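The following exercises ask for features to be located in the model shown below. Each task is followed by a solution in steps.

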Amino acid sequence: MQLVVGRIGRAHGIKGEVSVEVRTDEPELRLAPGAVLATDPAATGPLTIATGRVHSGRLMLRFEGVADRSGAEALRNTLLIAEVDPEETPQDPEEFYDHQLIDLDVVTADGREIGRIAEITHLPYQDLLVVRRPDGGEALIPFVAEIVPEIDLDRQRAVIDPPPGLLDEIDVAGEDVAGEDISGEDVAGEHVSGAGGAGSGSGSGDGA
């Protein structure tokens, strides 16, 4: 499957280097020298990463065949897309790529059916499971170990143990989440989600 792992930004310097907006929690794997990436628009790629470095907190990449500033500027706003094995899993057994969680059935510990995971929302302080309810509504479940004690990929389900009142309070749609836009993109970004703590990305407790 294909996942967006970055967006090319402005040219940097005169030797073809570009800044990259990282959209993967594993840039050291997806955006390493030698990686071959598809692109959107497709005609721009594929692109092979020649070099990479971090400068002032931003990832800088140079691609094979792009040797000057004009070539780098021509790549601006191009999406970088990696081919990811759907069976691949993060090294940490407590973390999951977003695509592994989508469509899992959500049930309580006592077997009550809640709905199905429609998407994952990555907020600065925690990840949320957006659960589509049988009646068409949505529930937003904080993805923390105390509330989501079990992800069973073999049985394709997530077991939750919601505190009293949680489902009643968050049955409403996503607009109740502090104004966050939970709509997806045409091609999903890659994130790693986990139930071990706050924040998104590796160590959050993804998305490829």
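**Exercise 1.** Determine in which helix Glu28 is found, and whether Glu28 counts as buried or exposed.

*Solution.* Step one: Glu28 is found in helix α1, residues 27–30; helices (H or I, at least four residues) and strands (E, at least two) are DSSP runs numbered from the N terminus. Step two: Glu28 counts as exposed because its relative accessibility is 58%; buried means under 20% relative accessible area, exposed over 50%, and partly exposed in between, with a 1.4 Å probe and protein chains only. Step three: Glu28 and Gly52 lie 24 residues apart in sequence, with a C-alpha to C-alpha separation of 9.6 Å in space.

The model is predicted: local features need pLDDT of at least 70, side-chain atom pairs count only at pLDDT 80 or more, and totals for chains, interfaces and linings use all residues. Residues are numbered from 1 along each chain as its sequence is written, and side-chain values use heavy atoms, with hydrogens and water left out.

**Exercise 2.** Identify which residue of β5 stands opposite Gly52, and place β5 in its barrel.

*Solution.* Step one: opposite Gly52 stands Leu61 in β5. Step two: strand β4 (residues 47–55) runs antiparallel to β5, and six bridges join the two; strands pair if DSSP finds at least two bridges between them. Step three: Ile49 faces Phe63 in β5. Step four: the hairpin of β4 and β5 has two residues between the strands, and in this hairpin Ser56 adopts a positive phi near 55°.

Step five: strand β2 (residues 17–22) is also antiparallel to β5 (residues 58–63), through four bridges. Here the bridge partner of Glu17 in β5 is Arg62. Step six: the barrel is closed by six strands in the order β1-β2-β5-β4-β3-β6, with antiparallel pairing. From one strand to the next, the twist averages 50°; axes are lines fitted to C-alpha atoms, for helices over the stretch in contact, and angles run from 0 to 180 degrees between N-to-C directions.

**Exercise 3.** State which strands are the edge strands of the open sheet, and in which sense β8 and β13 pair.

*Solution.* Step one: the open sheet has six strands in the order β11-β10-β9-β8-β13-β12, and its pairing is mixed. Step two: β11 (138–142) and β12 (150–152) are the edge strands, each pairing on one side only. Step three: the average twist between one strand and the next is 35°. Step four: β8 (residues 105–108) and β13 (residues 157–160) pair in the parallel sense, over four bridges. In β13, Ile160 is the bridge partner of Thr108.
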